[in-house]
Each structure stands twice: as C-alpha cells, then as structure tokens.
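Here are a few notes to help you find your way around this one. Have the structure open while you read.

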Amino acid sequence: MKKKLLSIILLIGSLIVIISCKRVVQEPGDGHSGQTHTNGTAVKGLYSGIYNLNVVYFVPTDLDTVPGYKERINGVMAYTQNFYKKWLTKWGYPNQSMGLPVDASGKLKMLLLRGTAPKAQYPYEGGAGKMMDEINAYYAAHPGEKSSDHILVITPTYTYGADGDPSGGPFYGIGRWCFALDYTGLDTLNLGKPEDKFSTKWIGGFVHELGHGINLPHDGGKKSENTQYGTTLMGFGNSTFGKAPTYLAPADIAILANCQVFSNTTRSDWYTSPGLKINKFSANYKNGNIIVAGKFSSTSPVKNIGFYHRNIATDDGGYSSVTFATKPIGLDSFYISMPVSEFYDKGNTKYELYIRYSHENGSTTDQVLNYAFENDTPVISYNNKPVYNKSNWTISSYSSQETTSENGAAANIIDGDLLSSWHSNYSASSPGYPHYLVINMGSILDVNRFTFWQRNSRKVKAIEILTSNDALTWTSLGNFTLTDSNNPQDIKLPSVKKFKYFKLNMKSSYDGEQFASLLEVGTYKD
C-alpha cells in the first residue's frame, strides 16, 4: 500500500459479530459458518479449496513472532474470506470463495520461515525481492507445501512511532504476491473500536494489498454502487474496511471469479498466455451512454470483461476509477452500455479507459484507450477502419525487434491484433532512433490513408513514410506527427498513391527514450 494511504484515519460501519470472544469474526448476513462449500469444506470458519493461498509468516533474524499471531491472523483471514464470499454471492458467484490452507485443528495453516538476515536487509523499499528469493528457495526444496501461485507474506512490525503506530518492511502487492505487517493490535476484535487507533488501518490495508496479490487493480466503483454499498475495497476501502460499509465492485468479482485460489476446477494452464486477439472494436457515445463493443478470439476463453475509466488528471493509480463489468456474448463478442450518470468527474476532463479481459485460466489482458469529456459530454468515437486485408502482408526488413524479453516481433504490427505490438530491441542491445520497418502488402494497392495504433508506452512521435514497388527505389510521402494517444489515428494523403511496399522511418519519441513501439498499421482507400 502506498505510504500516503497508510496515514489515512480509518472509519468503518459494518456490524461485527463476536461469538464467545473468539477471534473468528463474521459480518452479519454472510451465511458462512457451518455450510458445505463446493470448493472444499467449512472447517471452523475457514474454507480449504482445491487451490489455497500460501500464507508465510516471515521473521528476520533480529525479530521474533508477535505474541498471539496464530489466533489473530486466523481471525483476520476468516473475516476476509467471509467478506469475499459475501460479494461473490452478491454479484452472481455463490459457489466460490477464497481457498485457505487449514491444519488438523481447522485453523489457518501458516509457514513460519526464519529469514537469513536482520530486518535492515528487508526494508519497505526493495526488501520484497530478498524475501521472495528466500521463500521461493524454500518452496523449491519443499514443492509439496505450495498450494497455488499466490503467496501472502506477513512480517512482524519493525518499529513503533511516538504515537504507537507500527511500521515495518514491505507492505504492498507485487504480481501474485502480497506483503503485510503483523503487530499485537492486528485483531478483528479491535475493528471499529473508537479507542483503537491503528488496527482498522492495518487490517484494511492488509486486505487491500491482499487484493492486489490475487490479481485486483485499483477500482473506485461507480456512483450508484458507492451510494448503496459504501467504499470499494480496492479504492479507498483500506480506510473503511470493517468500520464503514465497504464492498467489492462487479469489476473486482469479474477477476476473482477466474482467480486460481477461488477456483473449483483443477487445471494445468494457470496464467499461461491466453492468446487474445481483438478482431473488431468500436467505442462511441449515444443517448447518455458510452457504448463499447467488439469481437475477439482467444486460446483461453474470455469469461468476464472489466472497464476502468480513470481521470488522467486526478486519479493517481485508479483509486477513483469508475468501473463496469460484463460477460461475453457467446464465445467471441461483447457489448456494454455505460451511463455517464455514473461518473463523478465530467466537465472538461481527460480519461483513460482500461479494458481488462479475464480469462478462464486466470490470466488477464489489458487494452487502453483515451477519450475526454467536453462540456459534460464524452467525446469518444472509435471504429475499425476498412483497412485492406493483411493476411498476405509480410515484413521485408526492420531495424530491430525484441523477442527475448517479450513478444515484440516486427510481424505483430500487421497481424490484425490490437493487443500485440512491435518493440525495438532492448535485451541484447538498445539501439536508438531512427528505427524502421518495411512492409510488403503482397500486391500494388491504391492507398490514400494510413491508420496507426500506438502502444500505451514507447509512443512514436515523428515518422516519415516512404513507398516503393520494388523495395529498391523509394519515394517519400513526407514527415508526419503521430499523436500521443492509444486511439486509432489516420494519416490522409492529398491524393491516391499506388505502391506495394511502404517503409516507416521513425525519428523521435514522446518519452525522449531510445526505444520505439507500435501496435498496428493498416492502409486503405476512401
């Protein structure tokens, strides 16, 4: 969790039921205790699933476990598991919950791992990497003890401030890892108590960061849901969890429903590349709604799609993003109508729209677009241009491509997929501008427009386009400036040109770096 968020004073409003003074606390109405669950069995408040979250209690050499850690963390995880169950049920997934490892007594099973170094070598900034190396080494030697790809790491607090506020090592989510802190007040019995200063803050932060470790991005929800259900956990819910109404939005559930540790199905392809291709796409505004539709193909089926509208000027990291979710239509299409009445910020505001495709094997694929509100009305109009069919197009030559650290092959620029991209080489060398690509269209075509799609990063700024019929003699069509945008953009020629080959000579970037990337290029004639 970001440090600035750790200082937010937490306010919560959920009723907390404390049964016989035990630390296994449940939110009312969850219907969680004592029920059989298809993902496993209910064992004293905890569900053990087919795949379970790995929970590691990591202790540096100059620290020891915090007294009562087993009982307290058992309670925190039972409370958290109930919370996920509640919102999965609310949004249409009643038979799923987060799997947790349990021991013979039915309590949370944690791996107690003593580190090889003192706490100074596991700092907040950068300390996670060393912990991960040691934990990975342990699991490599004991593979039977690892029950999923997701790992929660809990570390005793390092120090206390003058006001008693604890602090310590890493406290954030990285990939499928989450790092959190333990101290004596980390106890669900303290949630909501006015005299308690810190437990809600650290429990809320704990669960927020765990959300990142199980694939969730930041999510601000939408206006009607926030009015009805409170604050999203993946927005500013770390300051309300357990104290005031806090919820998971449909866009969160769209991801969790396909997460490994929520799965009721055994599979061998978790988080492998889903092979998604966007074959057709449109985004427009009509009658008070932003309407997005598309067609796709995918190796691992798309099960849910989330939409995150982020105010570029004010939404640092997506905490206040306005979110929606939908399911595909059949196996290859989607359509969603998103009311602008659900937005807080309109006026004259620039937005990024992140579209997150959630696949059956747990992987996600992101697509990013830019648009803006002008006088409270979204200006958004993207439609596939009638570009020539590129099935017989080839790459004749290129200055460089990156195929070691990512799939940045030059051929990606003409594959018709709006998610794959070409990237200049950076693993073996890092050549600077100019970069070039030569495309063979297979035959001489009439062209008066080029359509470009930029990637979300490494955008090209200045570009020269040259044409040829033999790839030997070239004619320059001129120098052009691509926009700093993810949206499709056209370069219109003053007249129709006939050519078989064209060369993209890229001369400068928007970020000032030596690297270049492009998603796609196409040609057509009006």
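1. A word on pairing before anything else: two strands pair if DSSP finds at least two bridges between them. With that in hand, look at β12 (residues 277–286). β12 pairs with strand β20 (residues 381–383) in the antiparallel sense, over three bridges. In that pairing, S282 sits opposite N383 of β20. Do bear in mind that this is a predicted model.

2. β12 has another partner to look at, strand β13 (residues 289–297): the two run antiparallel and are joined by nine bridges. K286 stands opposite N289 in β13. The hairpin of β12 and β13 leaves two residues between the strands, and N287 there takes a positive phi near 50°.

3. Now for the helices. How do α2 and α4 lie relative to each other? The axes of α2 (residues 69–90) and α4 (residues 199–213) come within 11 Å and cross at roughly 55°. That angle falls outside the parallel, antiparallel and perpendicular ranges, so the two helices count as oblique. Their crossing is right-handed.

4. What meets at that crossing? From α2 come V76, M77, T80 and Y84, and from α4 come I203, F206, V207, L210 and G211. Of the residues in this contact, seven are nonpolar, two are polar and none is charged.

5. Last stop: T523, in strand β28 (residues 520–524). Is T523 buried or exposed? Its relative accessible area is 0%, and buried means under 20%, so T523 is buried. Beyond its close sequence neighbours (those within four places), T523 is in contact with V387, Y388, W393, M441, V447, R449, F450 and F502.

Note on methods:
Residues numbered from 1 in each chain as written. Predicted model: local features only at pLDDT ≥ 70, side-chain atom pairs only at ≥ 80, totals over all residues. Heavy atoms only, no water. Helix = DSSP H or I, 4+ residues; strand = E, 2+ residues; numbered from the N terminus. Buried < 20%, exposed > 50% of the residue type's maximum accessible area, 1.4 Å probe, protein only. Contact = heavy atoms within 4.5 Å. Axes fitted to C-alpha atoms, helices over the stretch in contact; angles between N-to-C directions. Parallel < 35°, antiparallel > 145°, perpendicular 65-115°, else oblique. Left-handed = near helix turned anticlockwise from the far one by under 90°. Nonpolar A, V, L, I, M, F, W, Y, C, P; charged D, E, K, R; others polar.
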